[in-house]
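Visitor: I am new to protein structures. Please take one part of this one and go through it slowly with me.

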Amino acid sequence: MKSQSRSHFIGLALVPVLMLSLSACLPPTLNADSPSPNPAPTATSGPTTAVPTAVVPTAQQPAGPAGPAAPQAEAPVVRWVPVGPVGPNDPTSGQRYLLLQQFQCDALAQSVKDDPDAAVWQAAAAVCKALQSDNQQDWLKASAAVAATPRVPQTQCLESTVAATSAAVLAQRRSNPTLPLKAATAPGLACPRHLTGLTVVDENLTPQSGTTRASGPRSGGTIVCLDGYYVRVGDLLFDGQPASSEFIFSYGGDYQPMYVKIPPSAGSDTLRISITDTVDISGTVTFFYDDSLPPATAPATNPASPGTGSPTQPGPSPSISASREASPSASP
């Protein structure tokens, strides 16, 4: 009996100790008089509203200007005239092309202002200005100028390139009347200077048929046209050496074809012909000496015959313009 009473007494003595231990595991309670580490905001007068959670926007405000003047779409790109084979000593057409290529619109317009034969350049200057200003009145003037331009023959390579470019720009403007156009230089080179071959002609500069290659007797005297594109011939070269002016049968000057009288053979079966220009010109063409050709194939070479140019006084010949129509490969 005594043992039960002693156990009961010991149990009652341990109760405070257990309660003290358990209280250490519970979160501390705030005393009403102690300050809170995170005090609640002081209530203000008026109805209480819930603070919304911050929302991340799904789209950002577009950068740049907005409104009617803002770009509505990427500007269409038009091909401007390609780089031209222009040299520092080139004649008028080459210098005009350089102004157009570099978008010196006002300078080009001023240079052709009083030239009645410069319609293609006047139209190009107007198109150039319209591209820069994107003004409706400038586009109307450009359209009228291009429509009034006479047809340019393909033999005038620079002018033909300019006319085609002006027409293409206006066509794209009509397709995109409300958008400004962006010009980019066309790839490649306009009218690269080069020799492409020889055309045998008679004393009237008329091309001769019946041969598959430029050839004639070893005694010389065959007249050939230098085919290709060249601007201003500096030197005529036979096998790489400057030739005497007596072998220039006819040459009308800048952008005109050159007609050459073949010299007698110096023991070789061929003659390599090249020229120098105001800028580098590629190509060497070959004449073949062949005595087996029928006499009718070899043109007459009498310099005193009517209609021939003087071999010692190169200059414009009345028959040059006619030969250009007959020989598409003759240079402008």
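Guide: Here is a close look at helix α4 and its surroundings.

This is a predicted model: local features need pLDDT of at least 70, side-chain atom pairs count only at pLDDT 80 or more, and totals for chains, interfaces and linings use all residues. Residues are numbered from 1 along each chain as its sequence is written, and side-chain values use heavy atoms, leaving out hydrogens and water.

Start with the whole. The protein has seven helices and eleven strands. Helices (H or I, at least four residues) and strands (E, at least two) are DSSP runs, numbered from the N terminus. Of the 332 residues, 37% are buried. Buried means under 20% relative accessible area, exposed means over 50%, and partly exposed lies in between (1.4 Å probe, protein chains only).

Now α4 itself. It covers residues 119-133. Its 15 residues reach 21 Å from the first C-alpha to the last, close to the 21 Å expected at 1.5 Å a residue. The expected span is 1.5 Å times one less than the number of residues.

Which residues of α4 are buried? They are Val-120, Trp-121, Ala-123, Ala-124, Ala-125, Ala-126, Val-127, Cys-128, Ala-130 and Leu-131. These buried residues pack against β1 (77-80), α2, α3, α5, α6 and β2 (182-185). Contact here means heavy atoms within 4.5 Å.

Take α6 among these partners. Two packed helices are described by the angle between their axes and the distance between the axes. The axes of α4 and α6 come within 10 Å and cross at roughly 40 degrees. Axes are lines fitted to C-alpha atoms, for helices over the stretch in contact, and angles run from 0 to 180 degrees between N-to-C directions. The two helices are therefore oblique to each other. Angles under 35 degrees count as roughly parallel, over 145 as roughly antiparallel, 65 to 115 as roughly perpendicular, and the rest as oblique.

From α4, Val-120, Trp-121, Ala-124, Val-127 and Leu-131 meet Glu-159, Val-162, Ala-163, Ser-166, Val-169 and Leu-170 in α6. This contact divides into nine nonpolar residues, one polar and one charged. Ala, Val, Leu, Ile, Met, Phe, Trp, Tyr, Cys and Pro count as nonpolar, Asp, Glu, Lys and Arg as charged, and the others, Gly among them, as polar.

Helix α6 (residues 157-175) also packs with α5 (residues 136-147). Their angle is about 135 degrees, with the axes 11 Å apart. So α5 and α6 are oblique to each other too. Gln-136, Trp-139, Ala-142, Ser-143 and Val-146 in α5 meet Ser-166, Val-169, Leu-170 and Arg-173 in α6. The residues of this contact are five nonpolar, three polar and one charged.

What follows α4? Asp-134 does, with a positive phi near 55 degrees. This residue other than glycine sits in the loop between α4 and α5. Asp-134 is partly exposed, with a relative accessible area of 31%.

Phe-103 is another non-glycine residue with a positive phi, about 60 degrees. Its loop runs between α2 (92-101) and α3 (105-111). Phe-103 is partly exposed, at 24% relative accessibility.

Last, look at Asp-106 in helix α3. Asp-106 is exposed, with a relative accessible area of 58%. Asp-106 and Ala-126 are 20 residues apart in sequence, and their C-alpha atoms are 9.0 Å apart in space.
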